[in-house]
Amino acid sequence: MALLPILHYPDPKLHTVAKPVQAVDARIRTLISDMLQTMYDAEGIGLAATQVDVHERLVVIDTSEERNQPLVLVNPEITWASPERQVADEGCLSVPGIYDGVERSTSVKVRALDADGQSREISADGLLAVCIQHEMDHLMGKVFVEYLSPLKRNRIKTKMLKARRDPERV
Ligand code: QAP
Ligand code: CO
């Protein structure tokens, strides 16, 4: 078990497009376990491999109140997204302290391999649907602040760069 360092926006590595996981082997299972530990330690509800500088299609999520329902998505693909969309506030472990509204599909169906390499299809709505779409964006190199206006995004960029120089100011 290990805590992994999380990349912070605007690190250009966050824009890397992830490649499919070739096999759910011992290396991937260790990565899954380290990512879950990192997510729980940071009190997050979702973490994509991109955020820990591993550019493979792997996401871990836990939106449960009790933090005891880990969801592992290997090579996730959205098979259906509702035409109905809704704006909800999002945050990101790679953009600490920043929360803003993003419009996304209200419900999605996603096909993915689990930690045992078994194919599954999940139907999600509510917070889980938002989280799945947010995390899958990371695998495409996209951070949620890119949905905001250029003005907001530039303010966030400046604030994050300042915080990196002077962590007391976050
Ligand atoms: C993505 O984000 C998400 O700023 C996961 O200081 C978030 O786990 C999807 C976090 C909201 C849907 C709704 C953020 C922790 C965690 C922070 C997270 C912070 C500490 C963010
Ligand atoms: Co994020």
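Here is a friendly conversation about salt bridges, burial and overall build in a predicted model.

Student: What makes Arg104 and Glu90 a salt bridge?

Tutor: Their side chains come to 2.7 Å, N to O. The cut-off is 4 Å between a side-chain nitrogen of Lys or Arg and a carboxyl oxygen of Asp or Glu, so the pair qualifies.

Student: Which parts of the chain does that pair tie together?

Tutor: Arg104 sits in strand β5 (residues 100–105) and Glu90 in strand β4 (residues 85–90), so the bridge ties together parts that are 14 residues apart in sequence. Both Arg104 and Glu90 are buried. They also belong to a network of salt bridges that links Glu90, Arg104 and Asp137.

Student: Why is the contact between Lys152 and Asp100 called a salt bridge?

Tutor: The closest N and O atoms of Lys152 and Asp100 are 3.0 Å apart, which is within 4 Å, so the name applies. This pair links distant parts of the chain, with Lys152 in helix α3 (residues 150–165) and Asp100 in strand β5, 52 residues apart.

Student: Why is Lys152 called partly exposed?

Tutor: Lys152 has 37% relative accessibility. Buried would need under 20% and exposed over 50%, so Lys152 falls in between.

Student: How do you know that Arg111 and Glu121 form a salt bridge?

Tutor: Their side chains meet at 3.7 Å, N to O, and the limit is 4 Å, so this pair counts too. Arg111 lies in strand β6 (residues 107–113) and Glu121 in strand β7 (residues 119–125), so the bridge joins parts that are 10 residues apart in sequence.

Student: Are these two buried, exposed or partly exposed, and what are the values?

Tutor: Arg111 has a relative accessible area of 39%, and Glu121 has 41%. Partly exposed covers the range between 20% and 50%, so both residues get that label.

Student: How many salt bridges does this rule give?

Tutor: The count comes to 9 salt bridges. As for the charges themselves, the protein has 21 positive and 25 negative side chains, and the centres of the two sets lie 8 Å apart.

Student: What makes Val143 buried?

Tutor: The relative accessible area of Val143 is 0%, and buried means under 20%, so the label fits. Val143 is placed in the loop between α2 (126–139) and α3.

Student: What is Val143 in contact with, beyond its neighbours within four places in sequence?

Tutor: Val143 is in contact with Tyr9, Leu14, His15, Val95 and His138. Take Leu14: it is 129 residues from Val143 along the chain, yet their C-alpha atoms are separated by 7.4 Å.

Student: Now the whole protein. Which elements does it have, and how are they ordered?

Tutor: There are 3 helices and 7 strands. From the N terminus on, they run α-β-β-β-β-β-β-β-α-α.

Student: Why is the protein called as compact as a globular protein of that length?

Tutor: Its radius of gyration is 16 Å, close to the 15 Å that the globule rule gives for 170 residues, so the description holds. The C-alpha atoms fill a box of roughly 45 × 40 × 30 Å along the principal axes.

Student: What share of the residues is buried, and how much area is exposed?

Tutor: Buried residues make up 45% of the 170 residues. The protein exposes about 9,100 Å², and carbon and sulfur atoms supply 51% of that area.

Student: And what share of contacts joins residues at least 24 apart?

Tutor: Among contacts between residues at least 6 apart in sequence, the share is 65%.

Technical notes: Residues are numbered from 1 along each chain as its sequence is written. Chains are lettered from A and ligands numbered from 1 in the order in which they are written. This is a predicted model: local features need pLDDT of at least 70, side-chain atom pairs count only at pLDDT 80 or more; totals for chains, interfaces and linings use all residues. Side-chain values use heavy atoms; hydrogens and water are left out. Helices (H or I, at least four residues) and strands (E, at least two) are DSSP runs, numbered from the N terminus. Buried means under 20% relative accessible area, exposed over 50%, partly exposed in between (1.4 Å probe, protein chains only). The radius of gyration is taken over C-alpha atoms; the globule rule is 2.2 Å times the number of residues to the power 0.38. Contact means heavy atoms within 4.5 Å. Accessible areas come from the Shrake-Rupley method with a 1.4 Å probe; for residues, only the protein chains shown count as cover. Lys and Arg count as positive and Asp and Glu as negative; His and the chain ends are not counted. The place of a charge is taken as NZ of Lys, CZ of Arg, CG of Asp or CD of Glu.
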